[in-house]
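Here are some exercises to work through with a protein model on your screen. Try each task yourself before you read the solution below it.

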Amino acid sequence: MLKTIIYFIGVYDTLDLFTEELKKAFENMGYGSFVYDAGVQQQSKQTLLELLSSRAEVQSGETESQPDLSDSFAVVTFNNLGYNLDLPDGRNLWETYGIPYLNILMDHPFHYEKPLRNAPETSIVLCTDRNHVKYIRRFLKNIRQTDFLPHAGVELWCKHKPLQERGIDVLYAGALPIYTVAKMIPDFTSIPEVDGEALAQNVLDELVHHPEKTTEVAIEEYLRSIRNDISEQRIQQIIVKMRFLDSYATSFFREQAVRLLVESGIRVTAYGTGWDQCEWSDNPYLDYRGKVLAPQILPLMNDSKIVLNTMTWFKAGAHDRIFNGMLARSAVVTDDSTYLRREFTDGKELVMFSLKELGTLPERVFELFGHMESTQEMADCGYQAAKANHMWKSRAEYLVECYL
């Protein structure tokens, strides 16, 4: 009998969407499901404890040793959800029963310092960028196993309208993080080794002028240029403190991309917080429509000629916006990464641009609108590529092959 997979829902709508897709994929392969709903936490926990203890009792009758339920259960979750569930005596649930805890991180691991430091011993951490894997292997030695698992997309099962018949010219679905990360900015006096403000300004300048760099590399380079006596552990602590710079760099290029288009006379429909706070928000070519839940973005993509993406500073990964857009049979335009360059060909399945050459973006978009027949061919080709290799079904198959 195949394992029962434990999922967590009820915390973030985006993660619920991904979880539902994985659940369907695993169930189609014959796996059982247990859904822990944070909205009814006490009830979910009680039911889960009863399920595990009943299985443990069966096993205890067969053997004298501590019950190991690794052949019966596994957790597949996102962003550390449920990592600290414990038994009434305080022991970690997953460690006690030896249950594999597959933790898929949608963001950089430096955003999850505490839960990753306190992760169950049975954790397998899956990162959506290869640089994140390197970071964990270098700085989080308590994580015994980590691997690369790219983002994936969700298809809305409906008839795809030809691009010419769609109502949205260019869609940008995502917030400007600069307006929401103020709480992440540290007290710079907590970094006595260097001038905190100089560190922040220098690193941000470096990321803007060399956008192929990761935030952690830029921070470490600056620290080592000022001091050569800072320990590995302290460098990592400072990277965590200064992680807001990652969001600032993301926000800078995200805003510039949309601004360049609207100031060139290309209509962009934007969803997500912050777009109404820019100094150019009154531009008539910006159609700002507020914030919507993740599942509501999919039908919008299905009515978009072009889906624009800029990465959350992933230099060796992707973003679900890319695959969702491809699965909506839209023409996807995105900044590149080493991963995307390996997977796709610029102009064949999607359009890729370098952040260093952001100024060419309006020209690339005008070209797409000016040759709609070939743009439709690209969208169709992108759809086939995403459907074959970049849905959650593909990621579930990889997890079964390697970890389940």
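**Exercise 1. The enclosed space**

How much space lies in the largest cavity? Find out, then describe the residues around it.

*Solution.* Keep in mind throughout that you are looking at a predicted model.

Step 1: The volume of the largest cavity is about 40 Å³. With a threshold of 30 Å³ or more, the count is one cavity.

Step 2: Look at the walls. The lining consists of His108, Asp129, Asn131, His132, Thr214, Thr215, Glu216, Asp246, Trp313 and Lys315.

Step 3: Sort these residues by class. One is nonpolar, five are polar and four are charged.

Step 4: Match the lining to the helices. Helix 5 (130–139) and helix 7 (215–226) each contribute at least two residues to it.

**Exercise 2. The open space**

How much space lies in the largest pocket, and which residues are closest to its centre?

*Solution.* Step 1: The largest pocket holds about 1,500 Å³ of space. Of the 43 residues that line this pocket, Thr14, Asp107, Ala175, Thr312 and His319 are the closest to its centre.

Step 2: Ask which elements give two or more residues to the lining. They are helix 1 (13–28), helix 9 (244–263), helix 10 (294–301) and helix 11. Helix 1 has the largest share, with five residues.

Step 3: Sort the pocket lining by class. You should find 20 nonpolar, 15 polar and eight charged residues.

**Exercise 3. Two positive phi angles**

Take asparagine 79 and tryptophan 313. What is the phi of each, and is each residue buried or exposed?

*Solution.* Step 1: Start with the general expectation. Most residues other than glycine have a negative phi.

Step 2: Asparagine 79 has a positive phi near 50°. Its place is the loop between strand 3 (73–78) and helix 3 (93–97). Buried means under 20% relative accessible area, so asparagine 79, at 13%, counts as buried.

Step 3: Tryptophan 313 is not a glycine either, and its phi is positive, about 55°. You will find tryptophan 313 in the loop between strand 10 (304–309) and helix 11 (320–327). Its relative accessible area is 5%, so tryptophan 313 is buried.

Step 4: Link back to Exercise 1. Tryptophan 313 is one of the residues that line the largest cavity.

**Exercise 4. Two residues, two surroundings**

Compare valine 333 with leucine 2. Where does each lie, and what does each touch?

*Solution.* Step 1: Valine 333 sits in strand 11 (residues 331–335). With a relative accessibility of 0%, valine 333 counts as buried.

Step 2: List the contacts of valine 333, leaving aside neighbours within four places in sequence. They are Ile306, Val307, Leu308, Asn309, Val351, Phe353, Leu361 and Leu368. Now take one partner: isoleucine 306 is 27 residues from valine 333 in sequence, with 7.0 Å between their C-alpha atoms.

Step 3: Leucine 2 belongs to the segment before strand 1 (4–9). Leucine 2 has a relative accessible area of 40%, so it is partly exposed.

Step 4: Not counting residues up to four places away in sequence, leucine 2 is in contact with Met29, Gly30 and Tyr31. Try a distance here too: leucine 2 and leucine 207 are separated by 205 residues in sequence and by 47 Å from C-alpha to C-alpha.

**Exercise 5. A helix and its partners**

Which residues of helix 8 (residues 232–241) are buried, and which helices do the buried residues pack against?

*Solution.* Step 1: The buried residues are Arg234, Ile235, Gln236, Ile238, Ile239 and Val240.

Step 2: A useful rule: an α-helix has 3.6 residues a turn, so residues three or four places apart point the same way.

Step 3: Find the partners. The buried residues of helix 8 pack against helix 4 (113–117), helix 5, helix 6 (196–209) and helix 7.

**Exercise 6. The whole protein**

How many helices and strands are there, and what is the radius of gyration?

*Solution.* Step 1: The protein has 15 helices and twelve strands.

Step 2: The radius of gyration is 23 Å, close to the 22 Å that the globule rule gives for 404 residues, so the protein is as compact as a globular protein of that length.

Step 3: Consider burial and contacts. Of the 404 residues, 56% are buried. Among contacts between residues at least 6 apart in sequence, 68% join residues at least 24 apart.

Note on methods:
Residues are numbered from 1 along each chain as its sequence is written. This is a predicted model: local features need pLDDT of at least 70, side-chain atom pairs count only at pLDDT 80 or more; totals for chains, interfaces and linings use all residues. Side-chain values use heavy atoms; hydrogens and water are left out. On a 1 Å grid over the protein atoms alone, a cavity is a set of points where a 1.4 Å probe fits but cannot get out, and a pocket is an open set with protein on both sides within 12 Å along at least five of seven lines; lining residues have an atom within 4 Å of a point. Grid points are joined across faces, edges and corners, and a volume is the space filled by probe spheres set on the points. Helices (H or I, at least four residues) and strands (E, at least two) are DSSP runs, numbered from the N terminus. Ala, Val, Leu, Ile, Met, Phe, Trp, Tyr, Cys and Pro count as nonpolar, Asp, Glu, Lys and Arg as charged, and the others, Gly among them, as polar. Buried means under 20% relative accessible area, exposed over 50%, partly exposed in between (1.4 Å probe, protein chains only). The radius of gyration is taken over C-alpha atoms; the globule rule is 2.2 Å times the number of residues to the power 0.38. Contact means heavy atoms within 4.5 Å.
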